[in-house]
Amino acid sequence: MRTFLVRAVFLLTLLCALTAPRGMAYASGYVPPAIAGFVTDSATQLTESQVRSLNEKLAAYKSCSGNHVVVFLAATLSGFSIEDVAYETFNRWKIGNAGDDNGVLRVI
């Protein structure tokens, strides 16, 4: 079931990228902050305890499933669409293993 969900998210993302207006999904110009673990909270909405707890849970999930789930709480979209922010962040952080389609990014 988890493999199905990961692949479904990947296919939906791919479909959005292929149907987006030319150039939109490939050259947004958004530069994400450095990744800080499984949870990157640029918006400082979570306490240190919450970030630590989520990091531990997502690390455990990766260990048992092989899937890589990352959460990014953006302080601002800097005028970009959330799709562009997610696309650039996912690709710059290189979430998941190449060729395995096992990476998921949740942008909040």
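Aspartate 41 stands opposite leucine 73 in strand S2. This pair belongs to a predicted model. Strand S1 is joined to strand S2 by three bridges, and the two strands run parallel.

The wider arrangement is an open sheet of three strands, in the order S1-S2-S3, with parallel pairing. Strands S1 and S3 form the edges, since each of them pairs on one side only. On average, neighbouring strands of this sheet are turned by 10° against each other, direction ignored. In general, the strands of a sheet pair through backbone hydrogen bonds, and the pairing may be parallel or antiparallel.

Two helices meet this sheet. Helix H2 packs on the sheet and touches S1 and S2, while helix H3 lies across S1, S2 and S3. The table lists their directions relative to particular strands.

| Helix | Residues | Reference strand | Angle |
|---|---|---|---|
| H2 | residues 48-65 | S1 | about 150° |
| H3 | residues 82-93 | S3 | about 140° |

One residue of helix H2 may be examined further: leucine 54. Is leucine 54 buried, exposed or partly exposed? Its relative accessibility is 33%, and leucine 54 therefore counts as partly exposed, because this class lies between the limits of 20% for buried and 50% for exposed.

Which residues does leucine 54 touch, not counting residues up to four places away in sequence? Leucine 54 touches Val39 and Leu46. Leucine 54 and valine 70 are 16 residues apart in sequence, and their C-alpha atoms are 9.8 Å apart in space.

Note on methods. Residues are numbered from 1 along each chain as its sequence is written. This is a predicted model: local features need pLDDT of at least 70, side-chain atom pairs count only at pLDDT 80 or more; totals for chains, interfaces and linings use all residues. Side-chain values use heavy atoms; hydrogens and water are left out. Helices (H or I, at least four residues) and strands (E, at least two) are DSSP runs, numbered from the N terminus. Buried means under 20% relative accessible area, exposed over 50%, partly exposed in between (1.4 Å probe, protein chains only). Contact means heavy atoms within 4.5 Å. Two strands pair if DSSP finds at least two bridges between them. Axes are lines fitted to C-alpha atoms, for helices over the stretch in contact, and angles run from 0 to 180 degrees between N-to-C directions.
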